[in-house]
Amino acid sequence: MERRTIGAAALEVGAVGLGCMPMSWAYSGSRQRGAESLRTVHAALDRGATLLDTADMYGPFTNELLVGRALKDRRARAFVSTKVGLLVGEQHLVANGRPSYVRRACDASLRRLQTDVIDLYQLHREDPEVPVEETWGAMAELVTAGKVRALGLCAVGAHFRRRPGARPYDGTIRTLERVQQVFPVSAVQAELSVWSPEALEALLPWCGARGVGFLAAMPLGNGFLTGTLTPGEGFERHDMRARHPRFTAEMMAANQPIVVGLRRVAARHSAARGANVTPAQVALAWVLSCGPHVVPVPGAKRECWVAENAGAAGLRLTEGDLAEIAALPPALGSWD
Ligand SMILES: NC(=O)c1ccc[n+]([C@@H]2O[C@H](COP(=O)([O-])OP(=O)(O)OC[C@H]3O[C@@H](n4cnc5c(N)ncnc54)[C@H](OP(=O)(O)O)[C@@H]3O)[C@@H](O)[C@H]2O)c1
């Protein structure tokens, strides 16, 4: 698989990564199976998808434990990216950016991941009670201590703390400017996909101009862009899509033209190659086309998805494909 370099520390990873979250959190819990997840992680590494993205809050904790088990004998092959600063309550999530907590959480993540060092340690959420410079300073000390190789920051949402008239991710950029004064940011993680392209406006160029890598979260539109979901089929109670405004039967039906467009591009490439190219691969190839510093981390708990998604690294979209995708209707349904 093509390799990509992220951040000033020139960290090398496979162009397509693996989001480990669905193995333990947020998606169809009844289909979470430990043994299959372990095979899925191995399948990713076998195909060169080395960046494994997890977080202490996924599970909570069980996703890191799973990644740790999978990497027991293969740690050197993988690039481990995890997160700190978000805790799971009964019915809500709470940010915690206190330096003492960050230090403890890092040691706990290292234990669960069964490793001496985390390749990328990301601040999951800024704590409104703690100046972000203090949180970031504690994370920087972990780099000095050799427990972490590089630091990253997760964006909350395109419109979080957006001032009137400002561009999407304006609030995230302000935070990035602050933490850069303390210690270099190696990567930013934010949503980026065919149906959520807001990061293209300001956040991605901000990263590109500073040699900061970009981990594209939700690159498959939470599964929608793969064309494998049927409007109205419904979701399990704890599946986050059961409450997501774009996943009502009505909105899924209304957004079908986007899937139809991806299918059309996939069909053209299938005919040219004489091999099956899928809408999921086109969706990931589009993310890859957004910049050499962009690494999509499609979430998957199934081995077959990982094989398919890794194949997107070898798919080059033409100018015509990109123009056709740009002309697709904007997605309907939003949290705002
Ligand atoms: N920083 C943050 O705040 C944040 C927020 C969300 C996500 N993330 C990260 O980003 C990663 C990706 O986001 P995501 O997992 O939410 O969304 P996603 O990658 O857009 O979509 C994941 C969904 O797509 C399905 N899928 C994957 N490959 C497929 C294929 N080839 N064909 C059909 N279906 C396929 C998966 O199914 P199965 O579940 O059946 O495998 C899963 O339901 C996460 O794993 C996590 O690491 C970060």
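Tutor: Let's start with one convention: helices and strands here are DSSP runs, with at least four residues for a helix and at least two for a strand, numbered from the N terminus. Please also keep in mind that this is a predicted model.

Student: Thanks! Let me try that on A26. Where is A26 placed?

Tutor: A26 sits in the loop between strand 3 (18-19) and helix 1.

Student: And what is the phi of A26?

Tutor: The general idea is that most residues other than glycine have a negative phi, and most peptide bonds are trans. In A26, phi is near 75 degrees, a positive value in a residue that is not glycine. Y169 is another case, with a positive phi of about 70 degrees, and it is not a glycine either. Y169 belongs to the loop between strand 9 (148-154) and helix 5.

Student: Does Y169 count as buried or exposed?

Tutor: For this step you need the cut-offs: 20 or more other C-beta atoms within 10 Å means buried, 12 or fewer means exposed, and anything in between is partly exposed. Y169 has 29 other C-beta atoms within 10 Å, so it is buried. A26 has 14 C-beta neighbours inside 10 Å and therefore counts as partly exposed.

Student: You mentioned peptide bonds. Which residues are joined by a cis peptide bond?

Tutor: Look at G59 and P60: the bond between them is cis, with omega about -10 degrees. P60 lies in the loop between strand 4 and helix 2 (62-70).

Student: Let's turn to helix packing. At what angle do helix 1 and helix 10 pack?

Tutor: Two packed helices are described by the angle between their axes and the distance between the axes. For helix 1 and helix 10 (residues 303-310), the angle is about 20 degrees and the axes are 8 Å apart. Helix 1 is therefore roughly parallel to helix 10. The crossing of helix 1 past helix 10 is right-handed. On the helix 1 side, the contact uses E36, R39, T40, A43 and A44, and helix 10 contributes E303, V306, A307 and A310. By type, the residues of this contact between helix 1 and helix 10 are five nonpolar, one polar and three charged.

Student: How do helix 4 and helix 5 pack?

Tutor: Helix 4 (residues 132-144) and helix 5 (residues 170-180) have axes 9 Å apart, at an angle of about 55 degrees. Helix 4 is therefore oblique to helix 5. Helix 4 passes helix 5 in a right-handed crossing. From helix 4, V132, E133 and W136 meet T175, R178 and V179 of helix 5. The contact of helix 4 with helix 5 has three nonpolar residues, one polar and two charged.

Student: Now the interior. Which residues touch the most other members of the largest nonpolar core?

Tutor: In soluble globular proteins, nonpolar side chains tend to be buried together. The largest nonpolar core in this model has 99 residues, and L18 and V188 touch the most other members. Helix 9 (residues 279-288) gives the most to this core, with eight residues.

Student: What does V188 touch?

Tutor: V188 is part of strand 10 (residues 187-191) and, with 28 C-beta neighbours inside 10 Å, counts as buried. Setting aside residues up to four places away in sequence, V188 touches G152, L153, A155, L176, L203, C207, V212 and F214. As for distance, the C-alpha atoms of V188 and H124 are 10 Å apart, with their positions 64 residues apart in sequence.

Student: And what does L18 touch?

Tutor: With the same exclusion of residues up to four places away, L18 touches V41, A44, A49, L51, L52, D53, V297, A300 and V306. Let's follow A300, which is in the loop between strand 12 (294-296) and helix 10. A300 has 27 other C-beta atoms within 10 Å and is buried. Beyond four places in sequence, A300 touches L18, P22, T40, W305, V306 and N309.

Student: One last residue: is G48 buried or partly exposed?

Tutor: G48 is partly exposed, with 16 other C-beta atoms within 10 Å. You will find G48 in the loop between helix 1 (34-46) and strand 4 (51-53). Leaving aside neighbours within four places in sequence, G48 is in contact with M1, G14 and A310. The C-alpha atoms of G48 and E191, 143 residues apart along the chain, are separated by 23 Å.

Terms used
Residues are numbered from 1 along each chain as its sequence is written. This is a predicted model: local features need pLDDT of at least 70, side-chain atom pairs count only at pLDDT 80 or more; totals for chains, interfaces and linings use all residues. A nonpolar core is a set of buried Ala, Val, Leu, Ile, Met, Phe, Trp, Tyr and Cys residues joined through C-beta atoms within 7 Å. Two residues are in contact if their C-beta atoms, placed from the backbone, lie within 7 Å. Axes are lines fitted to C-alpha atoms, for helices over the stretch in contact, and angles run from 0 to 180 degrees between N-to-C directions. Angles under 35 degrees count as roughly parallel, over 145 as roughly antiparallel, 65 to 115 as roughly perpendicular and the rest as oblique. A crossing is left-handed if the near helix is turned anticlockwise from the far one by less than a right angle, and right-handed if clockwise. Ala, Val, Leu, Ile, Met, Phe, Trp, Tyr, Cys and Pro count as nonpolar, Asp, Glu, Lys and Arg as charged, and the others, Gly among them, as polar.
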